[in-house]
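Here are a few exercises to work through with the model open in your viewer. Try each task before you read its solution.

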Amino acid sequence: MDTVISNCIYLGKGLIFTLELTMGSIAVGLALGVFLSVLRHCRICVSLVRGWSSIIRGTPLILQLSIIYFSIPNLIGVRMNILSAGIIAFGLNSSAYVAEILRSGIESLPKGQFEAARTLGIPTFYMWRDIILPQVAMNILPTLVNEVIALLKETTLISIIGGMDIMRRSQIVAAEQFEYFMPLCIAGVYYYCLAMLIEFIGEKIERKVAYAKNS
Amino acid sequence: MNEKWPMLKIHNASKSFNGVEVLNNVSLEVAKSDVLGLAGPSGSGKSTLLRCIQQLEILDGGSMECDGKIGFMFQDFQLFPHLTVLQNLLYALNLGEKNARRRQSNEMQAKIMLKNLGIEAKASMYPYSLSGGQKQRVALARSLMVDPDVLLCDEPTSGLDVATTMDVVLLLKSACETGVTMIIASHDLDFLTKISNRIVLLRDGKIVLDVDVKQCQDPVNHLKKYYAD
């Protein structure tokens, strides 16, 4: 029993790392994703955004992570800590997917909403910030929650650059104790609880913004 | 200003979509405080003409000149669903307005307008909870809030029952009394003759008839003849 508790505590420390990594990455992914999707509506930038999405979605995440952690410091001569490299890599990767989710959300809005904003003389920045994006956010919330959960699970890749997340710690415990089942089960429970927490928060927000669901 | 001063001048306006000509050299002048009805069958170019006036579409040829601010009332209302009725009315007006007193007076004005339209009780409700007629009123109130000189209405009675249509007639008539110039596109000739003082009939993107409603004995039947030909 003591072993179980001490393993839970040891893996629990990885939980904080996983949470930091996921939250940091989704913050970067969302901010950049929103920026990219708005930029897509600017004629000059369309190809740039498409190219970015294509490269990010067309290459493995593990490769992107390796480039950011191993290659870029080599090129610019500055070392990055594991958490920062992870947040940048997962955030950039997520931004392409968030931008695509947002694109579908924006395209599903009636064209008249843009036109109504224009006829009322609402400047472009405010139109996006106060009229378009709040409606899009409401429509894409379930898909966005899926993306966050997927990102949470993808963060397990951080172990390849030595990040001490839940997964990495469970492997260390397994190697030390020659016992795989228990540490992996604890890791599974932690990940499942985190995923359920994200889903719960998503549902809460969804219920709060459900005012326009019938319109 | 002279009452008959042209508020809007359209000269040889033409517009086509994918090679299909929707407006074909349309020329029109609308005097200040005029209520102009745009009649015509579906696809005759009524909505496109309104959209070109509002610059939601760019003309392929010709020119338009408008001597004032334009307001637009959409056929499908296009209220902002995530804002309450009051917020829908106030958002554009309060944008960048830092003066608290002016914001307060805008709110008062919006509430008075809602009261005049009989929907003051709906001020804090979201658009999805309103009926078609109520949405129409909010849409009208929103377009009037920005104090337009010319109000363009695209099919304001489509999808409304007879009683609500009558309400819309009264609403638009009360808006006319404020001196705003109106251009109303509709295929409902009865409605147009009740509200307009002049009706222009469009067919295949061309003006085929221009009727002064008061001078014409039976404008509805007169217009119907041109529909059928």
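**Exercise 1. A residue in helix H4 of chain A**

Does Ile106(A) count as buried or exposed, and at what relative accessibility? Keep in mind that this is a predicted model.

*Solution.*
- Step 1: find the residue. Ile106(A) sits in helix H4 of chain A, which covers residues 82-107.
- Step 2: check the accessibility. The cut-off for buried is under 20% relative accessible area. Ile106(A) comes out at 3%, so it counts as buried.
- Step 3: look for what it touches. Skip the neighbours within four places in sequence, and Ile106(A) is in contact with Ser37(A), His41(A), Phe114(A), Trp128(A) and Val136(A).
- Step 4: add a distance. From the C-alpha atom of Ile106(A) to that of Leu83(A), 23 residues apart along the chain, you get 32 Å.

**Exercise 2. Two serines in chain A**

Work out where Ser95(A) and Ser53(A) lie, then list their contacts.

*Solution.*
- Step 1: Ser95(A) belongs to helix H4 of chain A. Its relative accessible area is 0%, so Ser95(A) is buried.
- Step 2: leaving out neighbours within four places in sequence, Ser95(A) is in contact with Gly29(A), Leu32(A), Gly33(A), Leu36(A) and Trp52(A).
- Step 3: now go to helix H2 of chain A, residues 46-58, where you'll find Ser53(A). With 2% relative accessibility, Ser53(A) counts as buried.
- Step 4: apart from residues up to four places away in sequence, Ser53(A) touches Ala96(A) and Glu100(A).

**Exercise 3. Chain A as a whole**

How many helices and strands does chain A have?

*Solution.*
- Step 1: count the elements. Chain A has eight helices and zero strands, and along the sequence that reads α-α-α-α-α-α-α-α.
- Step 2: get the dimensions. Along the principal axes, the C-alpha atoms of chain A fill a box of roughly 70 × 45 × 25 Å.
- Step 3: see how much is hidden. Of the 215 residues in chain A, 44% count as buried.
- Step 4: look at the contact range. Take the contacts in chain A with a separation of 6 or more: 77% of them join residues 24 or more positions apart.
- Step 5: finish with the surface. Chain A exposes about 11400 Å², and carbon and sulfur atoms supply 66% of that area.

**Exercise 4. The largest pocket**

Which elements give two or more residues to the lining of the largest pocket?

*Solution.*
- Step 1: start with the volume, which is about 500 Å³ for the largest pocket.
- Step 2: pick out the middle. The lining has 25 residues, and Leu141(A), Leu144(A), Val145(A), Val148(A) and Ile205(A) are the closest to the centre.
- Step 3: assign the lining to elements. Helix H1 (2-39), H6 and helix H8 (181-208) of chain A each give two or more residues. H6(A) has the largest share, ten residues.
- Step 4: sort by class. You get 23 nonpolar, two polar and no charged residues in the lining of the largest pocket.

**Exercise 5. The second largest pocket and the domains of chain B**

Which domains of chain B each give at least three residues to the lining of the second largest pocket?

*Solution.*
- Step 1: the second largest pocket holds about 400 Å³ of space. It is lined by 19 residues, with Met113(B), Leu144(B), Ser174(B), Ala175(B) and Thr178(B) nearest its centre.
- Step 2: H3, H4 and helix H5 (162-176) of chain B give two or more residues to that lining, and H3(B) gives the most, with four.
- Step 3: the class split is ten nonpolar, six polar and three charged residues.
- Step 4: bring in the domain assignment of chain B, which gives domain 1 (1-68 + 149-229) and domain 2 (81-146). The lining draws at least three residues from each of these.
- Step 5: check how the domains meet. Their C-alpha centres lie 26 Å apart, and ten residues of domain 1 are in contact with eight residues of domain 2.

**Exercise 6. An enclosed helix in chain B**

Why is helix H2 of chain B largely enclosed by the rest of the structure?

*Solution.*
- Step 1: helix H2 of chain B spans residues 85-94, and eight of its ten residues are buried, so it is largely enclosed.
- Step 2: name some of the buried ones, including Val85(B), Leu89(B) and Tyr91(B).
- Step 3: find the cover. It includes helix H6 (124-154) of chain A, along with helix H3 (100-116) and helix H4 (132-145) of chain B.
- Step 4: look past the end of the helix. H2(B) is followed by Gly96(B), with a positive phi near 75°.

Note on methods
Residues numbered from 1 in each chain as written. Chains lettered and ligands numbered in written order. Predicted model: local features only at pLDDT ≥ 70, side-chain atom pairs only at ≥ 80, totals over all residues. Heavy atoms only, no water. Buried < 20%, exposed > 50% of the residue type's maximum accessible area, 1.4 Å probe, protein only. Contact = heavy atoms within 4.5 Å. 1 Å grid on protein atoms, 1.4 Å probe; cavity = no way out; pocket = protein on both sides within 12 Å on 5 of 7 lines; lining within 4 Å. Points joined across faces, edges and corners; volume = space filled by probe spheres on them. Nonpolar A, V, L, I, M, F, W, Y, C, P; charged D, E, K, R; others polar. Domains from an automatic or database assignment. Areas by Shrake-Rupley, 256 points an atom, 1.4 Å probe, with all protein chains shown as cover.
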